[in-house]
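You asked for a quick read of this one before we talk. Here are my notes, in numbered points, starting with the strands.

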Amino acid sequence: MVYVGIPKGQADQEEEVLKTIQDGDSDELTIKRFTESREKPGALWHIYAAKDTEKIREFLKKVAEEQGQENPVDHDPIHDQSWYLDRSLRKRLHQEYGVQGWAIVQFLGDVVFIPAGAPHQVHNLYSCIKVAEDFVSPEHVKHCFWLTQEFRYLSHTHTNHEDKLQVKNVIYHAVKDAVGILRANESSLSRP
């Protein structure tokens, strides 16, 4: 979080942000960080375990059906980013599916790490600028490849239809670099 713009002269907005943080299931230390240290909170994140993705997807489809919304085959309630799980939906998700996430308030200067495939949502508390960087670690290549396959089933006009992770390119260049290093050190490796 590189910038948080807090409007001057709007004291009631601070109370609203505090209420949002509290309703967002933030812990007491985070609330104290805001109320006592006067740090600038920029965003409230809810991050869920990647293993709970299918349960969350099923839950969102169920809620959509209850509200009379369609669930087209070439759309996905998570990748469409058309839902925000408020306190009542988060509570219901936990009660009906046993899924509970982590609430993280991102203050100015904080970094939030989101593991590969972890469903997440963000609520901006003030005007803010966040810098995002995607990367693929060797430990998560399998999951990233699975996500890429999942994107392929979205409609051709969907913003996530393209292969943003470029997993095949990452694997190719990692193998190419490894082979290059082995070849460069081949003579030293063959010595007794």
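1. Let's begin with a strand pair. Strand β2 (residues 41-47) and strand β3 run antiparallel, with six bridges joining them. If you want one spot to look at, take alanine 43: its bridge partner in β3 is glutamine 106. Keep in mind while you look that this is a predicted model.

2. Now the sheet around that pair. Three strands make up an open sheet, in the order β3-β2-β4, and the pairing is antiparallel. The edges are β3 (102-107) and β4 (120-124), each of which pairs on one side only. Going from one strand to the next, the twist averages 20 degrees. As a reminder of the background, strands of a sheet pair through backbone hydrogen bonds, either parallel or antiparallel.

3. One residue in the sheet deserves a stop: glutamine 121, which is found in strand β4. Is glutamine 121 buried or exposed? Its relative accessibility is 9%, and buried means under 20%, so glutamine 121 counts as buried. What does its side chain reach? The backbone nitrogen of leucine 85, at 2.8 Å. Leaving aside residues up to four places away in sequence, glutamine 121 touches Leu44, Trp45 and His46, then Trp83, Tyr84 and Leu85, and also Arg90.

4. Next, the aromatics. Searching the whole structure turns up one aromatic pair. The ring centres of phenylalanine 59 and tyrosine 97 are 5.8 Å apart and the planes sit at 75 degrees, so this is an edge-to-face pair. Phenylalanine 59 belongs to helix α3 (residues 53-66) and tyrosine 97 to helix α4 (residues 87-97); at 38 residues apart, the pair links distant parts of the chain. Both phenylalanine 59 and tyrosine 97 are buried.

5. Stepping back to the overall layout: the protein has seven helices and five strands. Read from the N terminus, the elements go β-α-α-β-α-α-β-β-β-α-α-α.

6. Which share of the contacts joins residues 24 or more positions apart? Among contacts with a separation of 6 or more, the figure is 76%. The aromatic pair in point 4, with its partners 38 residues apart, is one link between distant parts of the chain.

7. Last, burial and surface. The protein has 192 residues, and 33% of them count as buried; glutamine 121 is one of the residues that count as buried. The exposed area of the protein is about 12,900 Å², with 53% of it supplied by carbon and sulfur atoms.

Methods
Residues are numbered from 1 along each chain as its sequence is written. This is a predicted model: local features need pLDDT of at least 70, side-chain atom pairs count only at pLDDT 80 or more; totals for chains, interfaces and linings use all residues. Side-chain values use heavy atoms; hydrogens and water are left out. Helices (H or I, at least four residues) and strands (E, at least two) are DSSP runs, numbered from the N terminus. Buried means under 20% relative accessible area, exposed over 50%, partly exposed in between (1.4 Å probe, protein chains only). Contact means heavy atoms within 4.5 Å. Accessible areas come from the Shrake-Rupley method with a 1.4 Å probe; for residues, only the protein chains shown count as cover. Rings of Phe, Tyr and Trp (its six-membered ring) pair if their centres lie within 6.5 Å; planes under 30 degrees apart count as stacked, over 60 as edge-to-face and the rest as tilted. Two strands pair if DSSP finds at least two bridges between them. Axes are lines fitted to C-alpha atoms, for helices over the stretch in contact, and angles run from 0 to 180 degrees between N-to-C directions. A polar contact is a pair of N or O atoms within 3.5 Å; within protein, one must be able to donate a hydrogen and the other to accept it, and residues adjacent in sequence count only if both atoms are side-chain atoms.
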